[in-house]
Amino acid sequence: QVQLVESGGGLVQAGDSLRLSCAASGRTLYAMGWFRQAPGKEREFVAAISRNGGSTTYADSVKGRFTISRDNAKNTVYLQMNSLKPEDTAVYYCAAGPFATYSRATYPHWGQGTQVTVSS
């Protein structure tokens, strides 16, 4: 089992940056993903990283603006978000699973989420 706790969300203006963190405890050797859910919308894939950090993948909507990384010594995954847009407003969730994919179904473990609000 693994427990995931996100932090770093907040209210920012368009063009600003934020860094989200996801601290893992328990069994931590998982691939990790970030997803987000805006009000009235489905939860969508944002980014994923392999167990050793050697492979990453991004949604087209965030490619070039967001960067996922991990520090296995600290059991923490990060999502650096630059050039934020109002459409990035959502609750951001981290997830752990055996594979770094875009599919929610491959992640059995989820955090509680952190709110990111981007004002125009």
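Me: What makes S2 and S11 a pair of strands, and in which sense do they pair?

Reply: Two strands count as a pair if at least two bridges are found between them. In this predicted model, strand S2 (residues 10-13) and S11 are joined over four bridges, so the condition of at least two is met. The sense of the pairing is parallel. Within it, Leu11 stands opposite Thr117 in S11.

Me: How many bridges join S9 to S11, and how do they run?

Reply: Three bridges join S9 to S11, so these strands also count as a pair. They run antiparallel. Here Val91 is opposite Gln115 in S11. S11 therefore pairs with S2 in the parallel sense and with S9 in the antiparallel sense.

Me: Which residues of S11 lie on its covered face, and which on its uncovered face?

Reply: Thr114, Val116 and Val118 form the covered face. Gln115, Thr117 and Ser119 form the uncovered one.

Me: What is the order of the strands in the four-stranded open sheet?

Reply: The order is S1-S3-S8-S7, with antiparallel pairing. Neighbouring strands of this sheet are turned against each other by 15° on average, direction ignored.

Me: Why are S1 and S7 called edge strands?

Reply: Each of S1 and S7 pairs on one side only. S1 is joined to S3 by six bridges, and in that pairing Ser7 has Ser21 as its partner in S3. At the other edge, S7 pairs with S8 over six bridges in the antiparallel sense, with Arg70 opposite Val77 in S8. Between S3 and S8 there are six bridges too, and Ala23 has Thr76 as its bridge partner in S8.

Me: Why is Ser21 called buried?

Reply: The relative accessible area of Ser21 is 16%. Buried means under 20%, so Ser21 qualifies. Ser21 lies in strand S3. Not counting residues up to four places away in sequence, Ser21 touches Val5, Glu6, Ser7, Trp34, Thr76, Val77 and Tyr78.

Me: How do you know that Cys22 and Cys94 form a disulfide?

Reply: The two sulfur atoms are 2.0 Å apart. A pair of cysteine sulfur atoms within 2.5 Å is a disulfide, so this pair passes. The structure holds one disulfide. It links distant parts of the chain, with Cys22 in strand S3 and Cys94 in strand S9, 72 residues apart. Both Cys22 and Cys94 are buried.

Me: Which hand does the disulfide of Cys22 and Cys94 have, and why?

Reply: The torsion about the S-S bond is about 50°, so the disulfide is right-handed.

Me: What makes a group of residues a nonpolar core, and which members of the largest one touch the most other members?

Reply: The members must be buried, belong to a set of residue types that includes Val, Leu, Met, Trp and Tyr, and be joined through side-chain atoms within 4.5 Å. The largest core has 33 residues, of which Trp34, Leu79, Met81 and Tyr92 touch the most other members. Among the strands that each supply at least two residues are S1 (2-7), S4 (31-37), S8 (76-81) and S9 (90-97). In soluble globular proteins, nonpolar side chains tend to be buried together.

Me: Which residues are in contact with Tyr92, leaving aside its neighbours within four places in sequence?

Reply: Among them are Trp34, Leu79 and Met81. Others on the list include Leu20, Phe35, Val46, Phe66 and Val116.

Me: Why is Gln1 called exposed?

Reply: Its relative accessible area is 65%. Exposed means over 50%, so Gln1 is above the cut-off. Gln1 sits in the segment before S1. Gln1 is still in contact with Ser25, Gly26, Arg27 and His109, leaving aside neighbours within four places in sequence.

Me: What makes the approach of the Gln1 and His109 side chains a polar contact?

Reply: The distance is 3.4 Å. The limit for a pair of N or O atoms is 3.5 Å, so the pair falls within it.

Me: Why are Asn75 and Ser83 called partly exposed?

Reply: Asn75 has 31% relative accessibility and Ser83 has 42%. Partly exposed lies between 20% and 50%, so both values fit. Asn75 is in the loop between S7 and S8, and Ser83 is in the loop between S8 and S9.

Me: What is notable about phi in Asn75 and Ser83?

Reply: Most residues other than glycine have a negative phi. Asn75 has a positive phi of about 50° although it is not a glycine. Ser83 also has a positive phi, near 50°.

Key: Residues are numbered from 1 along each chain as its sequence is written. This is a predicted model: local features need pLDDT of at least 70, side-chain atom pairs count only at pLDDT 80 or more; totals for chains, interfaces and linings use all residues. Side-chain values use heavy atoms; hydrogens and water are left out. Buried means under 20% relative accessible area, exposed over 50%, partly exposed in between (1.4 Å probe, protein chains only). Contact means heavy atoms within 4.5 Å. A polar contact is a pair of N or O atoms within 3.5 Å; within protein, one must be able to donate a hydrogen and the other to accept it, and residues adjacent in sequence count only if both atoms are side-chain atoms. Axes are lines fitted to C-alpha atoms, for helices over the stretch in contact, and angles run from 0 to 180 degrees between N-to-C directions.
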